[in-house]
Amino acid sequence: MSDFNIYLETLLGSEKLAGLAEVGIRLLLTVIIGLIVIKIIMKITRKSLDKSGADPSVYAFIKNAVKIICIVVIVTMCLGILGIPMSTVVAVLGTAGAAIALALRDSLANVAGGFMIIITKPFSKDDLIDVGEVSGKVEKIDLFLTTLKTYDNKTITIPNGLINTSILVNHSKESRRRVDCTFSIGYGNDIGKAKEILAAVCDACPDIIKEPAPVIGVANHGDSAVIMDVKAWCETDDYWDVKYFLEENVKIAFDEHDIEIPYPQMDVFIKK
């Protein structure tokens, strides 16, 4: 027996020394077995996430969360082995958790919003969306923020908590979209002829889907013009091509067939 062991046995007594040795062995075994279990759990978690095709940000968050939970469990078990009452440990953890949650309530709301976005999938990367008064293509979805790229190449970051509580419009969710255009003709023009011209322009557009067929009709009677509606279906990616085609070619066709496109007019009578 070494001098150090003899000193400890003299200082603490053989029974206490044996008790300390037992506690040390239990701590060592708990840590070793705990690390092995963590490794197994993390391996299972990674395989499950790989199969689920989870978003990269969620992938990293879940891995870190599982690892932290496992470490907390092991530390709690070690404290129990050292004789620290579990009620005290739970109380301390609960108080710390409540304080952290209160301090980070806005960030936690954004994290919750990020999870809701990823779980419900109201939009995905490269989708064109409107959130409130903001519009743009989705560049990146993180746990805290969603990044949009606007039409004029501006970058907008929106907290996920705000997105989760706002009205959201996804222009890319469906594979097809309807292009709605309105055109004005004069009251003196032939409505039937105007409808034939509009139908011909729709037929000439290669991106307009033939079924369902475009809907063309009189929308309403304006102050100085008859308002014509054109509703044509196309693939979502072709929306703007169809929109611009109709707007340009209807104007050209109306000019060729002498269909008046009136502008607001006002007759002023001067009373002498």
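Is Asp-152 buried, partly exposed or exposed? In this predicted model, Asp-152 is partly exposed, because its relative accessible area of 49% falls between the 20% and 50% cut-offs. Let's use that residue as a starting point and look at how charged side chains pair up, then turn to the nonpolar parts.

**Charged pairs**

Side chains of opposite charge can pair when their charged atoms come close. A search of the whole structure finds eight salt bridges. Here are three of them, with the distance between the closest N and O atoms.

| Acidic residue | Basic residue | N to O distance |
|---|---|---|
| Asp-152 | Lys-154 | 3.6 Å |
| Glu-235 | Arg-176 | 3.9 Å |
| Asp-180 | Arg-178 | 2.8 Å |

Take the salt bridge between Glu-235 and Arg-176. This pair links distant parts of the chain, with the two residues 59 residues apart. Glu-235 belongs to strand β8, which covers residues 226-235, while Arg-176 belongs to strand β6, which covers residues 176-185. How accessible are the two partners? Glu-235 has 33% relative accessibility and counts as partly exposed. Arg-176, at 37%, is partly exposed too.

Now follow the salt bridge between Asp-180 and Arg-178. Asp-180 is partly exposed, with a relative accessibility of 34%. For Arg-178 the value is 36%, which again counts as partly exposed. These two residues also belong to a wider group: a network of salt bridges links Arg-178, Asp-180, Asp-229 and Lys-231.

**Nonpolar cores**

In soluble globular proteins, nonpolar side chains tend to be buried together. Which residues have the most contacts inside the largest nonpolar core of this model? They are Phe-183, Leu-198, Leu-246 and Phe-254, in a core of 24 residues. Several elements build this core: β6, α7 (191-204), β8 and α8 (239-256) each supply at least two residues. The largest share comes from α8, with six residues.

Phe-183 is a good residue to find in the structure. Leaving aside neighbours within four places in sequence, Phe-183 is in contact with Leu-198, Leu-246 and Phe-254, among others. Its other contacts include Val-226, Ile-227, Met-228 and Val-230, along with Glu-247 and Val-250.

There is also a second, separate core, made of nine residues. Among them are Val-138, Ile-141, Leu-148 and Ile-163.

**Looking back**

Strands β6 and β8 appear in both parts of this tour: they hold the partners Arg-176 and Glu-235, and each of them supplies at least two residues of the largest core.

Conventions
Residues are numbered from 1 along each chain as its sequence is written. This is a predicted model: local features need pLDDT of at least 70, side-chain atom pairs count only at pLDDT 80 or more; totals for chains, interfaces and linings use all residues. Side-chain values use heavy atoms; hydrogens and water are left out. A salt bridge is a side-chain nitrogen of Lys or Arg within 4 Å of a carboxyl oxygen of Asp or Glu. Buried means under 20% relative accessible area, exposed over 50%, partly exposed in between (1.4 Å probe, protein chains only). Helices (H or I, at least four residues) and strands (E, at least two) are DSSP runs, numbered from the N terminus. A nonpolar core is a set of buried Ala, Val, Leu, Ile, Met, Phe, Trp, Tyr and Cys residues joined through side-chain atoms within 4.5 Å. Contact means heavy atoms within 4.5 Å.
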